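Visitor: I am new to this structure. Please take me through a single part of it, slowly and in one go.

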Amino acid sequence: MSIPENQQQALVARLTQACGGSYSPETRRKFYISGPQWAAAYQGQALFHAPTREPVGFEDVIRHYGELGIGHWTTHDTDVIPTEALGRDQQAEIVGRIGKALAENGVRCSMVTTETFYHAVWAASPAAESPEVREYAKFRVKNTVDIGHELGAGFAVYWPGSLGYYVQGAIEETETLGWYAEALNAACDHDRTVAAAKGRATLKHCLEAKPFEPQAEILLPTSDAMLSFIASGLLTHPEMVGLNPEYLHELMWGAAPRAALARALVAGKLFHFDINDGYRLKHDVDIAVGLVNPLDWLNVLVLLRSHGYNGPFNLDYKPPRTTSNFGVFAVSFPTAVDRFITLWEMAGEVQDDPIVKEATAALKAGGTVAAGADPRDAAAITRANRELLTLHELIAHRLVQILLGVHRGRTYSIG
Ligand code: GLO
Ligand code: MG
Ligand code: MG
């Protein structure tokens, strides 16, 4: 029987309720989870896709986030301020309204980011040959720093989307990288001045890599490329600059996201984290966290928990274009947050699991080699550890049991 239009929202709401497993807004607020303006306002458009949803302004997004218990909000400068109004009186008026909406809904702005990819001015990237474009890029990142301090943010993110090219040979890569560094240096210098004047800490400046899109070739395609850029000597304040890895962006080029995060951790540069999901070697589908790779996500969160990562988890995904405006806040955001919290709690269970603990400790203790054995005897060392190494597969089994809840005694029967 067909479902009348005016009964569909009630059906979606009832089935969402029937899923159970949702956390209260108070519980959700205990996590450093941020909701982007652009994620909630995404209308479903793409190169080959017309929009499927109506526009949503920041007042509505912030109100919904407040109700859901998403305690932090993030934005591009141009998500909320028209390009032509940036740095002008209208900006101050809009930022004032944002501050009011945040305060009224108990939401805080954690991060601001500069759009340096969409507007036609960035056709040749923010580090274009034209000095005017590069001066404008400096104005934009400095202006974003101002907005960030005004709204109480702690982080500024830079996804230099258009830093690359379609055709080879027209730009010289080292020169372009130097020019891009000049924009970041301008942002950091300005930040130091503003922070000192306001008696606030400087922002944490976070670079975000993506291997493909929107350019054909990207100059800083991975988090590792960005780590080497930070350490290159081109930045005047490398200590102020770290990473905002995005889960899917690392997966897109075929990396193990957990290993990419580990490299950022050991470099002390894991400042901020964009959480979502998707597929290897595909475009940036930005599916909500845990819908594609829940086991990998569980493992990522074990790593972050065990290293005491305490930065934001930014819900940088796109509600699918099959989801309605109603569905964005009734289903998409609350379920994304709740899957994240569940996986976070499971990661805690993994850390405390006696089987995982004992197996891990045994592997680290290693097998007993006969006293006085020759340390050059590879065959003897291999024999001494041979049986222990089966524990790798057992640990993997245990992680899947925890993910499926089987470790709590649930079994399925075919008989
Ligand atoms: C696009 C990026 C983008 C950034 C945002 C923050 O693929 O993920 O959403 O995260 O511009 O700088
Ligand atoms: Mg992102
Ligand atoms: Mg993405």
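Guide: The six donor atoms around the magnesium ion (ligand 2) subtend angles of 79 to 168°, so the arrangement is octahedral. Six donors count as octahedral if opposite donors are over 155 degrees apart and all others between 65 and 115. Donors here are N, O and S atoms within 2.8 Å of the metal (3.2 Å for Na, K and Ca); water is not among the atoms, so sites may look incomplete. This is a predicted model, in which local features need pLDDT of at least 70 and side-chain atom pairs count only at pLDDT 80 or more, while totals for chains, interfaces and linings use all residues. Residues are numbered from 1 along each chain as its sequence is written, chains are lettered from A and ligands numbered from 1 in the order in which they are written, and side-chain values use heavy atoms, with hydrogens and water left out.

Coordination of the magnesium ion (ligand 2) comes from Glu 208 (OE), Glu 246 (OE), Asp 274 (OD) and Asp 316 (OD), at 2.0 to 2.1 Å. The spacing of these donor residues in sequence is E-x37-E-x27-D-x41-D. Glu 246 also coordinates the magnesium ion (ligand 3), 4.7 Å from the magnesium ion (ligand 2).

Glu 246 lies in the loop between β8 (241–243) and α10 (247–252), and Asp 316 in the loop between β10 (313–314) and α13 (325–352). Helices (H or I, at least four residues) and strands (E, at least two) are DSSP runs, numbered from the N terminus. The two residues are 70 residues apart, and the pair links distant parts of the chain. Both Glu 246 and Asp 316 are buried, meaning under 20% relative accessible area (1.4 Å probe, protein chains only).

Methods: Four donors count as tetrahedral if all angles lie between 85 and 135 degrees; four count as square planar and six as octahedral if opposite donors are over 155 degrees apart and all others between 65 and 115; anything else is irregular. Buried means under 20% relative accessible area, exposed over 50%, partly exposed in between (1.4 Å probe, protein chains only).
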